Amino acid sequence: MNDFLVENLTQTVGDQTVFKNLSFIIHDSDRIGIIGVNGSGKTTLLDVLSGRLGFSGDRSPFSRRKDYQIAYLRQEADFAEDKTVLETVLSDDLPEIALIREYELLMSDYAKADPQRLERLMAEMDALSAWTIESEVKAVLSRLGIHNLTQKVKTLSGGMRRRVQLAQVLLADADLFLLDEPTNHLDIETIAWLADFLKSRKKTLMFVTHDRYFLDSLSTRIFELAHAELTEYQGNYQDYLRLKAEKDERQAAYLHKQKQLYKQELNWMRTQPQARATKQEARIKRFGALEKELAQSQPQKQLEFHFEASRIGKKVLEFTDVDLKYDSDYLFCNFSLLLQNKDRIGIVGPNGVGKTSLLNMISGDLAPSGGSIDIGETVRVGYFSQQIRGMDENKRLIAYLQEKAETVRTRSGLISVTELLEQFLFPPESHGKLIAKLSGGEKKRLYLLQILLEKPNLLLLDEPTNDLDIETLAVLEKFLENFSGPVIAVSHDRYFLDRVCNKILAFENGQISQFVGNYSDYLAEKNREKSNYSEPSAAETSLTSVKDKPRKTRLTYFEQQEWSRIEADIEQLEAAIEDITALMQDNASDYEKLADLQNQLDEKNAELLQKYERYDYLSDKQNEK
């Protein structure tokens with residue numbers, strides 16, 4: 001039995017109940033997405049399930065196998081800084097993994113490797129059928145952009161550390177994978193690969209994410225955390241939206257009937273003398289219960305963005321032949337752009353190509369290497385950066401905002417900072433709280449509020465969907481639709497880009513290409529271009545080449561061995577699939593047997609897909625000159 005049973009799980013921090021009496025079952029192959037506003041306890045729930053944090057009460061709320069294993073992707077990596085990437089990613093828990101680690105170390109310096117040791121090692125890997133695992137390890141590392149396995153962890157950038165941490169978890173031998181914001185620091189293509197990988201490997205997941213495409217693609221159940229309680233919805237994110245709307249409609253209809261009943265009973269209470277009969281006393285008690293129910297069912301405050309922006313003139317921003325150099329390489333060159341009032345520009349591309357640097361040049365934090373940037377005199381830039389700037393965490397929420405303003409003019413009129421905090425889902429009892437006590441998402445929400453207080457008329461958003469909950473993102477997207485000035489956003493969140501943007505700047509091969517439309521329009525255009533694509537000549541690329549291309553490498557010794565047998569492996573898998581299909585036809589009336597055969601067929605199809613991907617990779621590498 002692989003089920004993980006949770007009964008009456010409660011967690012309190014100080015005098016605050018984070019969640020109370022949560023009960024649910026995690027079945028094998030479930031993919032459960034957790035949603036809720038920042039501060040509702042999503043990360044705390046993962047911490048408790050992983051064992052990193054204790055639970056309230058004396059009796060354990062968990063039932064599972066004694067050898068049940070959990071792998072946990074936390075938001076913050078906890079690495080041994082002096083270990084290499086390979087040592088970090090691959091533990092010694094399995095003998096196959098230990099062999100793969102040794103094999104990779106030998107292959108990293110093949111010229112100095114002991115041939116006899118290498119031969120014995122390969123024989124041991126054959127005996128344990130470790131090549132399949134080794135192939136998956138290479139595929140995962142390659143898709144996550146991890147190539148230098150001997151590099152020390154302490155030398156890695158924040159984004160690369162996150163990828164190493166993700167690889168470490170994905171390659172773990174675990175029954176349950178807990179993933180806290182797994183898409184952070186990943187580009188759109190890698191996010192799509194991650195969703196496909198998790199589905200094809202049939203891993204049991206519970207994950208927190210702000211990425212609604214990822215949530216919709218991957219989840220089979222949705223858990224919503226709110227007001228210390230958990231509500232479950234079957235299906236993916238679209239199913240959740242539909243079921244939640246239906247539930248809200250039923251609740252609204254029920255409350256309407258209760259309010260009508262309350263009015264009738266209130267009239268009776270006002271006209272009746274002091275109760276004497278037993279029936280009257282019972283009716284009075286029912287009235288009291290009804291009054292209490294209606295008081296508790298008052299609608300919760302909804303997050304609101306109603307900020308006025310400063311007026312902006314006709315001249316906003318113009319880039320003319322702008323170059324940006326990093327060390328001796330150009331990130332981009334000869335870039336020109338005329339920004340207009342109603343532009344909603346999404347910036348996309350791989351990590352490290354200069355997207356954030358482009359925003360930094362607009363904000364004045366970075367000077368271009370060449371060309372000119374002309375910004376209008378009336379422009380007031382609001383920059384929502386990835387790293388929170390200028391926030392003293394030793395200050396209290398109310399004092400932090402009052403440094404900017406005591407009152408704020410919104411479309412609804414003049415309101416106080418305390419009212420504004422409540423609109424941003426910070427209840428009155430939290431206004432005196434130290435900023436350091438807030439969750440990461442709450443700090444980001446407060447940071448956004450502080451930026452909007454300054455009445456910007458040009459918004460720069462660098463990965464705005466990181467750490468913000470889905471409810472805040474939905475309201476932010478609505479606010480941006482009505483924002484009177486232009487918006488430029490760097491994002492890997494396809495849902496956000498589709499909702500907000502009307503233009504795309506794509507960093508591609510050392511150039512910045514401009515497309516009209518949202519991200520889905522951009523993808524459609526790129527697919528149309530693929531059929532007519534041809535390699536540019538050296539003359540065509542000489543002006544825009546930004547970095548020396550890496551030297552093409554030939555097949556390694558292991559890859560040569562894999563290449564020599566991969567076609568036979570594919571033929572065997574295809575034959576096995578044909579045999580299973582024939583057996584399914586022969587056992588069409590035996591539902592138990594049919595279910596078992598279907599599982600076998602799914603596994604073989606997943607293996608075949610992986611082999612096809614490896615074949616394409618090895619074939620391309622074999623043909624490189």
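Student: In this predicted model, what span should the 12 residues of helix α17 cover at 1.5 Å a residue, and how far apart are its end C-alpha atoms?

Tutor: Helix α17 takes in residues 519-530. The expected span is 1.5 Å times one less than the number of residues, so the 12 residues here should cover 16 Å. That agrees with the model, where the end C-alpha atoms are separated by 17 Å.

Student: Which residue caps the N-terminal end of α17?

Tutor: Look for a side-chain oxygen by the backbone nitrogen of serine 520. The two atoms lie 3.2 Å apart, and a polar contact needs N or O atoms within 3.5 Å. The oxygen belongs to asparagine 518.

Student: Let's go to α14. Is it largely enclosed or not, and how many of its residues are buried?

Tutor: Helix α14 covers residues 440-453, and its end C-alpha atoms are 20 Å apart, in agreement with the 20 Å expected of 14 residues. A residue is buried if its relative accessible area is under 20%. The helix is largely enclosed by the rest of the structure because the number of buried residues is 13 of the 14.

Student: Which residue just after α14 takes a positive phi?

Tutor: The phi there is about 55 degrees. The residue with that angle is lysine 455.

Student: What lies 2.9 Å from a polar atom of the side chain of histidine 431?

Tutor: Histidine 431 is in the loop between α13 (417-423) and α14. At 8% relative accessibility, this histidine is buried. The atom 2.9 Å from its side chain is the backbone oxygen of phenylalanine 426.

Student: And which charged residue sits over the ring of phenylalanine 426?

Tutor: A charge sits over a ring if it is within 6 Å of the ring centre and within 35 degrees of the ring normal. Here the charged end is 5.0 Å from the centre of the phenylalanine 426 ring. Elsewhere, arginine 494 lies over the face of tyrosine 213, 4.9 Å from the ring centre. For phenylalanine 426, the residue is arginine 445.

Student: Why does the pair phenylalanine 55 and phenylalanine 62 count as edge-to-face?

Tutor: A search of the whole structure turns up 16 aromatic pairs. In this one the ring centres are 5.9 Å apart, and the planes meet at 85 degrees, so the pair is edge-to-face. Phenylalanine 55 is partly exposed at 29% relative accessibility, while phenylalanine 62 is buried at 16%. The angle that settles the matter is over 60 degrees: 85 degrees.

Student: How far apart are the ring centres of tyrosine 233 and tyrosine 240?

Tutor: Both rings belong to buried residues: tyrosine 233 has a relative accessible area of 4%, and tyrosine 240 has 8%. Their planes are at 85 degrees, so this pair is edge-to-face too, and the centres are separated by 5.1 Å.

Student: Which residues do ring pairs link into a cluster with Phe55 and Phe62?

Tutor: Ring pairs connect Phe55 and Phe62 with two further rings. Those are Phe4 and Tyr68.

Student: Now the strands. Which strand stands across from β3 at arginine 31?

Tutor: Five of the five residues of β3 (residues 31-35) are buried, so the strand is largely enclosed by the rest of the structure. Arg31, Gly33 and Ile35 point one way, and Ile32 and Ile34 the other. Four bridges join β3 in parallel to strand β8 (residues 221-226), where glutamate 224 is opposite isoleucine 35. Arginine 31, though, has leucine 205 opposite, and that residue is in β7.

Student: Which residue of β19 stands opposite glycine 346?

Tutor: Glycine 346 shares one side of β12 with Arg344 and Val348, with Ile345 and Ile347 on the other, and these are all buried. Strand β12 (residues 344-348) runs parallel to β18 (residues 487-490) over four bridges, with arginine 344 opposite valine 487. Four bridges also join β12 to β19 (residues 503-508) in parallel. In β19, the residue opposite glycine 346 is isoleucine 504.

Student: Last one: how many disulfides does the structure hold?

Tutor: A disulfide is a covalent bond between the sulfur atoms of two cysteines. Cysteine 333 is buried at 16%, and cysteine 501 is buried at 8%. The number of disulfides in the structure is zero.

How values were computed
Residues are numbered from 1 along each chain as its sequence is written. This is a predicted model: local features need pLDDT of at least 70, side-chain atom pairs count only at pLDDT 80 or more; totals for chains, interfaces and linings use all residues. Side-chain values use heavy atoms; hydrogens and water are left out. A disulfide is a pair of cysteine sulfur atoms within 2.5 Å. Buried means under 20% relative accessible area, exposed over 50%, partly exposed in between (1.4 Å probe, protein chains only). Rings of Phe, Tyr and Trp (its six-membered ring) pair if their centres lie within 6.5 Å; planes under 30 degrees apart count as stacked, over 60 as edge-to-face and the rest as tilted. A polar contact is a pair of N or O atoms within 3.5 Å; within protein, one must be able to donate a hydrogen and the other to accept it, and residues adjacent in sequence count only if both atoms are side-chain atoms. Two strands pair if DSSP finds at least two bridges between them.
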